[in-house]
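Student: Could we go through this structure together, one question at a time? I would like to see how each answer is reached.

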Amino acid sequence: MSTSIGKRELDDAGRALLQRASGGRGQFEDLVIVPIFAVIAALVLGALVMLATGVDIGTIGKSFVALGKGSVGSLNAISETLTSAIPLILAGLGLGLGFRAGLFNIGAEGQIVMGGLAAAIFAFSFPGLPAILLIPLSLLAGAIAGAIYAGFAGVLKATTGAHEVITTIMLNLSSFLILIWALKQPYVQVAGRSDPISKSVPEAGQLPRLLDWIDPNLRVHAGLFVMLIMVAFIWWLLFRSKIGFAFRASGENPDAARYAGMKSGLIIVAAMGTAGALAGLGGASQVLGVLERASPGFSAGIGFDAIALALLGRSHPVGILLAGLLFGGLEAGGRQMQVDAGVSIDLIGIIQALIIVFIAAPLLVRAIFPWGFRKDKEGGAA
Amino acid sequence: MTFLSKIGLAAALVAGSVTAASAFTACQVTDTGGIDDSGFNQTAWKGVEDAIAADGIEGRFLESQQESDYAANLNSLLDGSCDVIITVGFLMGDATKTAAEANPDQKFSIVDFAYDPTIPNVVGQVYATEQAAFLAGYLAAGMTQTGILGTFGGINIPPVTVFMDGFVHGANLYNERHGTSVSVLGWNPDSKEGLFTGNFDQLDDGRAFAQNLYDEGADIVMPVAGPVGLGSASLADELGTDALKIIGVDADQTQTDPEKAHVYLTSVLKRMDSTVHQVIQSAMDGSFEGGLVVGTLENEGVGLAGFGSFEDAVPAELKAELDEIRAGIIDGSISVTGM
């Protein structure tokens, strides 16, 4: 394990990042203007990257039109944007909550894996249950699995001080192996296939598609409501409930929170558990709503994108909702870019990464767009 | 985006601008290997490129980065702008079926997969790969110095293991005819157990698995794991081809991996480009019908590539035997299933 000096450095670095992520409520510029400019700057830089890789200007124009068209340009595009956004936002909410509580949880990916796996197993184990029971119970199974899995990291931190960055990364890696192992078990694996893939979620366990009466290709599903309810719930939990206050207090200043009589160990475990439950719910909604089965790699990096999302949304539920819609749109639009303009999907990854870079460096954005900010606020929270 | 896919893109764009709005469009969705995998996605895309060059159609492709992309990618091609949608690989079987059933007027074709019962708007393209792999097994058994051959796969699924089956049975026939006892490590066609890397993208695994087989005495190895085999090729390059030779799969790997061309004894060809082109043409001339296209030695849908740098090293008698066996497989007098 790391030495105490190494751990303290990690703690300090983490705290600096978290402080930036949580921000102050009054800092309108950091919360709204910086992200908007970051997106613009990223798109412009993305265009420059395309130019540098030999894509001509006409194609670049075409690809940005395609980005717009593929994200919001049609009913199908909006449906795809929302479909991609649902698990991102759910996992992002969990991470944002952890950030507020001072926990730099990298483990959403593993929690998504465990949540999705548990939801799939639960759903095909009880095919006889009616949809009204099976769907909520399967979602719950996913949330519980995610909470337990994240809870390991919480308990380790609370009891031994093991840093959550390290333990959650380890747990991510373990989760991939657990997934492949579980998918090969005769009880889980679908009959007749020798590759790791789970049985299908029965019809009654699938989150119903909301718009398939218009067009069977519209994939947006009832997980959308789960996600919206969770956005509201986490807002209430963080800003209106006692436990939420404890989360935020120990995130802002763990020592002060402890002197005020809050049980820091309990708070860490509770915050990690809640974060894991949300990520697990994200995995469950992905499996029950989109994929209809668990397969290796079904988590598809959602848990890592969600870290960026939580930072971009400044760990505020509404910010995360908006950031999630943006990322969902980038993903859906990115596919259209590939179809219409033949631009590589990797480029969307670059644009997303650039957005994060600019968000994480508000000073840079202020330097590039000086006219967008009041002069006297120089430096801001950064 | 890599150089090769850019060529494909450029070709698509040029073709698109020349043939204007009325052009027939073929769209391909790759599996997670990507369009430039030196293997089956790339070979299938070559079929589209051939059609672009020969028939003046327009071609587009979408790369899947993970399995959850399959349905999403298919979805974004369903706006009616594609005359035929080509999906690649066993793992896309379910997603293609779902999309095809929801969109009965859209023509689909899936490479390396077939449906039973067939779907009226889907053509499955399958390959009697065991026939070509059988020839490779026979050849390898005739060429080995140590009397030990090796093979390993990506994951244990039929389109992979069919190569390994044919390879083992081909080596067995050589043993039968020549009284030798060449053995094949890495696959048991009866128990269906063997060596698998568990993925189709980690080149390091290709190296490690080939190293293990080499350590066990194998001097010719056939990796059946897409780009993973490129890792095995670089090991063979380092050890020297006297110590280790590689048999390529899917495409002629002396062409797709030109830097290591000298390590490939031959390649087991799955001519997906030819069947994809065939399907595109049938969709163009209206003869498209759901069902099956089977590539065999007879219609050259599968085959053995040339011997590359080993052209002179392979004895003339062995070449003659291979020709005789090829003819025997085509007329049915030689069984490739070891029966």
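**Buried spots, helices and contacts**

Tutor: Happy to! Ile110(B) has 28 C-beta neighbours inside 10 Å, so Ile110(B) counts as buried. Keep in mind that this is a predicted model.

Student: Which element holds Ile110(B)?
Tutor: We look for the run of residues that includes position 110 of chain B. Residues 107-111 of that chain form a strand, and Ile110(B) is found there. The element is strand E4.

Student: Which residues does Ile110(B) touch, leaving out those up to four places away in sequence?
Tutor: Two residues touch when their C-beta atoms lie within 7 Å. Leaving out the residues up to four places away, we find partners of Ile110(B) at lower and at higher numbers. They are Thr87(B), Met92(B), Gly93(B), Thr96(B), Val122(B), Gly124(B) and Gln125(B).

Student: Where is Asp112(B), and is it buried or exposed?
Tutor: Asp112(B) sits in the loop between E4 and E5 of chain B. Its phi is near 75°, a positive value in a residue other than glycine. With 27 C-beta neighbours inside 10 Å, Asp112(B) counts as buried.

Student: What kind of peptide bond joins Asp116(B) and Pro117(B)?
Tutor: Pro117(B) is also a loop residue, between E4 and strand E5 (122-127) of chain B. For the bond that joins Asp116(B) to Pro117(B), omega is about 0°. That bond is cis.

Student: Now to where the chains meet. How many residues does each chain bring to the contact?
Tutor: We count each side separately. Chain A brings 22 residues, and chain B brings 21 residues.

Student: Which element gives the most to the side of chain B that touches chain A?
Tutor: The elements that give two or more residues to that side are helix H1 (3-19), strand E2 (58-62) and helix H3 (69-76) of chain B. By class, the side has eleven nonpolar, seven polar and three charged residues. The top contributor, with four residues, is H3(B).

Student: How many of the residues of H3(B) are buried?
Tutor: The buried residues include Tyr70(B), Ala71(B) and Leu74(B), and also Asp69(B) and Asn73(B). The helix is largely enclosed by the rest of the structure, because the buried count is eight of the eight.

Student: What does Gln66(B) touch, not counting residues up to four places away in sequence?
Tutor: Gln66(B) is in the loop between E2 and H3 of chain B. It is partly exposed, with 16 other C-beta atoms within 10 Å. The C-alpha atoms of Gln66(B) and Thr32(B) are separated by 5.6 Å, though these residues are 34 apart along the chain. Its partners are Thr32(B), Gly297(A) and Ala300(A).

Student: Let's turn to chain A. How many helices and strands does chain A have?
Tutor: Of the 382 residues in chain A, 53% are buried. Counting its elements gives 15 helices and zero strands.

Student: Why do the buried residues of H14(A) line one face of the helix?
Tutor: H14 (residues 345-360) of chain A has 16 residues and reaches 23 Å, close to the 22 Å expected. Its buried residues are Leu347(A), Ile348(A), Ile351(A), Gln352(A), Ile355(A), Phe358(A) and Ile359(A). Seen down the helix axis, these buried residues line one face because they fall within an arc of 145°.

Student: Which helix gives the largest share of the largest nonpolar core?
Tutor: That core has 109 residues, and those with the most contacts inside it are Leu90(A), Ala91(A) and Ala119(A). The largest share, 15 residues, comes from residues 264-291 of chain A, which form helix H11.

Student: How many residues are in the other core, which lies apart from it?
Tutor: Among its members are Tyr138(B), Val184(B), Phe200(B) and Leu213(B). This other core has 64 residues.

Student: One more: is Ser315(A) buried or exposed?
Tutor: Ser315(A) is in the loop between helix H12 (302-312) and helix H13 (317-341) of chain A. Although it is not a glycine, Ser315(A) has a positive phi of about 55°. It has 26 C-beta neighbours inside 10 Å, so Ser315(A) counts as buried.

Notes:
Residues are numbered from 1 along each chain as its sequence is written. Chains are lettered from A and ligands numbered from 1 in the order in which they are written. This is a predicted model: local features need pLDDT of at least 70, side-chain atom pairs count only at pLDDT 80 or more; totals for chains, interfaces and linings use all residues. The expected span of a helix is 1.5 Å times one less than its number of residues. A residue is buried if 20 or more other C-beta atoms lie within 10 Å of its own, exposed if 12 or fewer, and partly exposed in between; C-beta atoms are placed from the backbone. The arc is that of the directions from the helix axis to the C-beta atoms. Ala, Val, Leu, Ile, Met, Phe, Trp, Tyr, Cys and Pro count as nonpolar, Asp, Glu, Lys and Arg as charged, and the others, Gly among them, as polar. A nonpolar core is a set of buried Ala, Val, Leu, Ile, Met, Phe, Trp, Tyr and Cys residues joined through C-beta atoms within 7 Å.
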